[in-house]
Amino acid sequence: MTTADTLRAARALIEQPERWTQNAYARDDSRQPCSPTDLIATCWCATGAISRVSRWSITNENKAWDTLNFITGVSVARFNDSRTHAEVLAAFDRAIEIAEKQ
C-alpha cells in the first residue's frame, strides 16, 4: 500500500460526517472513545483513520501522517480537532495529490 493509498483509504473511512470525530482517535456506537483499531470503532478522527487503515504498516502510517502534517502545518490531531469536517477532507485531498507525485 502506497502513502497515497493509505491517505485515500483513511479519507474514505471518514468521508461521511457521522463517521468522523474530534477529540478522540475513535469512538464506538455510543460515542465513547476507543482505540482506532478496535472492532467496535464506528467513527475516527484523521489520525485514528490513518491508524485504522495502516495498522499493518507503521511505515505507511508515518508517511501518511508526515504528508498531512506538511499540508496542515501542525499535527494531524491538532488540525482535526480545530477544523471542520470539510477542511479535514480538503487537507486529505491535498495530501493525496502530493503523495501521488512522490
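Which residues are buried in α3? I would like to start there this morning, and I should say at once that what we are looking at is a predicted model. The buried residues in α3 are Asn60, Glu61, Ala64, Thr67, Leu68 and Thr72. Looking down the axis of α3, one finds these buried residues within an arc of 135 degrees, so they line one face of the helix. The general background is that an α-helix has 3.6 residues a turn, so residues three or four places apart point the same way.

As for the helix itself, α3 runs over residues 58-72, which makes 15 residues, and from its first C-alpha to its last it reaches 21 Å, close to the 21 Å expected at 1.5 Å a residue. What do the buried residues of α3 pack against? Their partners are α1 (3-14), α2 (46-53), α4 (76-82) and α5 (85-101). On the face of α3 turned away from that buried side, we find the exposed residues Ile58 and Phe70. Just after α3 comes Gly73, which takes a positive phi of about 80 degrees.

Let me turn now to the charged pairs, of which the structure holds four that count as salt bridges; I will go through some of them. As a general point, side chains of opposite charge can pair when their charged atoms come close.

Asp5 forms a salt bridge with Arg8, and the closest N and O atoms of this pair are 3.3 Å apart. Both Asp5 and Arg8 lie in helix α1, where they are three residues apart, about one turn of the helix. Asp5 is partly exposed, at a relative accessible area of 30%, and Arg8 is also partly exposed, at 36%.

Arg8 forms a salt bridge with Glu100 as well, here with the closest N and O atoms 3.2 Å apart. This pair links distant parts of the chain, since Arg8 sits in helix α1 and Glu100 in helix α5, 92 residues apart. Glu100 counts as partly exposed, at 49% relative accessibility. Taken together, Asp5, Arg8 and Glu100 are linked in a network of salt bridges.

Another salt bridge joins Glu15 to Arg11, with the closest N and O atoms 3.3 Å apart. Is Arg11 buried or exposed? Arg11 is buried, with a relative accessible area of 16%, whereas its partner Glu15 counts as partly exposed at 38% relative accessibility.

Finally, a word on the cysteines. How many disulfides does the structure hold? The number is zero. Cys34 is in no disulfide, and the nearest cysteine sulfur to it, that of Cys43, is 7.6 Å away. Cys34 is nonetheless a buried residue, with a relative accessible area of 14%. Why is there no bond from Cys45 to Cys43? The sulfur of Cys45 is 9.4 Å from the closest cysteine sulfur, which belongs to Cys43, and that is too far for a bond, because a disulfide requires the two sulfur atoms to be within 2.5 Å. Cys45 is buried too, with a relative accessible area of 3%.

To bring this back to the beginning, the picture of α3 is of a helix whose buried residues line one face and pack against α1, α2, α4 and α5, while Ile58 and Phe70 are exposed on the face turned away.

Technical notes. Residues are numbered from 1 along each chain as its sequence is written. This is a predicted model: local features need pLDDT of at least 70, side-chain atom pairs count only at pLDDT 80 or more; totals for chains, interfaces and linings use all residues. Side-chain values use heavy atoms; hydrogens and water are left out. Helices (H or I, at least four residues) and strands (E, at least two) are DSSP runs, numbered from the N terminus. The expected span of a helix is 1.5 Å times one less than its number of residues. Buried means under 20% relative accessible area, exposed over 50%, partly exposed in between (1.4 Å probe, protein chains only). The arc is that of the directions from the helix axis to the C-beta atoms. Contact means heavy atoms within 4.5 Å. A salt bridge is a side-chain nitrogen of Lys or Arg within 4 Å of a carboxyl oxygen of Asp or Glu.
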